[in-house]
Amino acid sequence: MAIDQDRLMEFLNKFVGDVGAAMAAGNVLVGDRLGLYRALAGKPMPPETLAEQTGTHPRYVEEWLRGQAAGGYVEYDAASGTYWLTEEQAFALTDPDGAVFAPGAFQLVVGALHGLDRITEAFRTGGGVGWHEHHPEVFTGCERFFRPGYAANLVGNWIPALDGVQDKLRSGARVADVGCGHGASTVLMAQAYPNSTFVGSDYHADSVRQAETRVADAGLGDRVRFETASAQTFGGGPYDLVTSFDCLHDMGDPISAARRVRESLAPDGTWMVVEPAAGDSPAANLNPVGRAYYSFSTFLCVPNALSQAGGYSLGAQAGEAPIRRLATEAGFTRFRKVAENPFNMVYEVRP
């Protein structure tokens, strides 16, 4: 068999880059947990100084810094032997409340990879692996990955894009946050709209307990409550607004969930659906964001859907067309995309 050496080298370069990126996940979490990135923010220093300031061993720190510099996560000056973070690197690596927080994504990666054996077996059997069956790092990493995007966009951009919803929330509305996870989205909305009340729901009991802790810590317990319930069985209503953040595509029976949302809405209510950014065909998603989402979806989203009754497994790159079809089949008559960024698309769905 004739091998094209140029094409082989091109592939090997990709392979080496991916190996480095895979190991970078753990190294990024080390830097996050030990405060190494925070100490380096705008402050050039040699490894020994960084180790002293963070209570770590200089030889470990030295090797870590070299790898970080090779990957472009840390800057290095050979003449002085110092390392530091640029403002842009510090923005993405040190602030969990910023618009982008890279360590959260890597934490989700590390957590998901704990399921390697289960996912491999699921490939053979066609069975599912439920969200609740994954390593706890998946749940924590998921919140740390998605919350910055919600904090940057939810109140400032997404809700104002919905027809009349912001005025209702300011006056006092009833809101259900379906598939709320640790409650990041619920808390953000409750903090922004003090006249409204909120009910978050998730089928994962441990996540609900964590959400209740977050609400108590934020002093919002008089207006926010949580329940352990699936998207097909959550209670209450009529609601002025129902939200679902990055979860509809994970469901085995999203059509029943959509029907339950419709039943729970007030006649002039709105369902805000936030989903991963994606085109309607695989070819439209063959890019870095699509690669990340397809990879996460293989370990998390599709296995969760296949673990549930319903017959769906949309995956994280479903695109707009399947979501529109679900809404129409559930009895909604109005559907429009109201916002989009590199990671999410936001839909307004109304009766």
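**Figure 1. Helix 8 gives the most to the lining of the second largest pocket, contributing seven residues.** Welcome to this predicted model; we start at one of its pockets. The second largest pocket holds about 750 Å³ of space. Its lining is made up of 39 residues, and those nearest the centre are Trp 131, Gly 179, Asp 246, Cys 247 and Asp 250. Besides helix 8, the elements that each supply at least two lining residues are helix 10 (184-192), strand 4 (197-202) and helix 13. Sorted by class, this lining has 22 nonpolar, 12 polar and five charged residues. Keep Asp 246 in mind, as another view returns to this residue.

**Figure 2. The largest pocket has a volume of about 1400 Å³.** To find its centre, look for Ala 105, Phe 106, Val 109, Ala 292 and Phe 296, which are the closest to that point among the 45 lining residues. Two or more residues of the lining come from each of helix 1 (5-33), helix 4 (58-71), helix 6 (102-113), helix 8 (136-161) and helix 13 (288-306). The lining counts 31 nonpolar residues, 11 polar ones and three charged ones. Both domains take part here: domain 1 (5-94) and domain 2 (143-285 + 308-350) each provide at least three residues of the lining.

**Figure 3. The protein is assigned two domains, domain 1 (5-94) and domain 2 (143-285 + 308-350).** Notice that domain 2 is written as two stretches of the chain, 143-285 and 308-350. Taken over C-alpha atoms, the centres of domain 1 and domain 2 are 36 Å apart. The secondary structure of the protein adds up to 14 helices and nine strands. With a radius of gyration of 22 Å, close to the 20 Å that the globule rule gives for 351 residues, the protein is as compact as a globular protein of that length. Along the principal axes, its C-alpha atoms fill a box of roughly 70 × 60 × 30 Å. Of the 351 residues, 48% are buried.

**Figure 4. Strand 6 (residues 239-245) is mostly covered, with six of its seven residues buried.** Which strands run parallel to strand 6? One is strand 3 (residues 174-178), joined to strand 6 by four bridges. Here you can spot Asp 177 standing opposite Thr 243 of strand 6. Another is strand 7 (residues 265-276), which runs parallel to strand 6 and is joined to it by six bridges. On that side, Tyr 239 has Leu 265 of strand 7 as its bridge partner. As you follow a strand, it helps to remember that in a regular strand the side chains alternate between the two faces of the sheet.

**Figure 5. A cis peptide bond joins Gly 237 and Pro 238.** The omega angle of this bond is about -5°. Pro 238 sits in the loop between strand 5 (224-228) and strand 6. Further along, Asp 246 is found in the loop between strand 6 and helix 12 (254-264). Asp 246 has a phi near 50°, a positive value in a residue other than glycine. Why point out these two spots? Most residues other than glycine have a negative phi, and most peptide bonds are trans. Is Asp 246 buried or exposed? Its relative accessible area is 9%, so Asp 246 counts as buried. This is the Asp 246 listed among the residues nearest the centre of the second largest pocket.

**Figure 6. Strand 8 (residues 334-340) and strand 9 (residues 344-350) form a hairpin.** Three residues lie between the two strands. Their pairing is antiparallel and extends over six bridges. To trace it, begin with Arg 334, which stands opposite Arg 350 in strand 9.

**Figure 7. Cys 301 lies in helix 13, while Leu 50 is placed in helix 3 (residues 47-54).** Cys 301 has a relative accessibility of 8% and so counts as buried. Leu 50, at 0% relative accessibility, counts as buried too. How many Å separate the C-alpha atoms of Cys 301 and Leu 248? The separation is 9.7 Å, for two residues that are 53 residues apart along the chain. For Leu 50 and Asp 250, which are 200 residues apart along the chain, the C-alpha atoms are separated by 42 Å. Asp 250 also appears in the first view, as one of the residues nearest the centre of the second largest pocket.

Technical notes
Residues are numbered from 1 along each chain as its sequence is written. This is a predicted model: local features need pLDDT of at least 70, side-chain atom pairs count only at pLDDT 80 or more; totals for chains, interfaces and linings use all residues. Side-chain values use heavy atoms; hydrogens and water are left out. Domain bounds come from an automatic or database domain assignment. Two strands pair if DSSP finds at least two bridges between them. On a 1 Å grid over the protein atoms alone, a cavity is a set of points where a 1.4 Å probe fits but cannot get out, and a pocket is an open set with protein on both sides within 12 Å along at least five of seven lines; lining residues have an atom within 4 Å of a point. Grid points are joined across faces, edges and corners, and a volume is the space filled by probe spheres set on the points. Ala, Val, Leu, Ile, Met, Phe, Trp, Tyr, Cys and Pro count as nonpolar, Asp, Glu, Lys and Arg as charged, and the others, Gly among them, as polar. The radius of gyration is taken over C-alpha atoms; the globule rule is 2.2 Å times the number of residues to the power 0.38. Buried means under 20% relative accessible area, exposed over 50%, partly exposed in between (1.4 Å probe, protein chains only).
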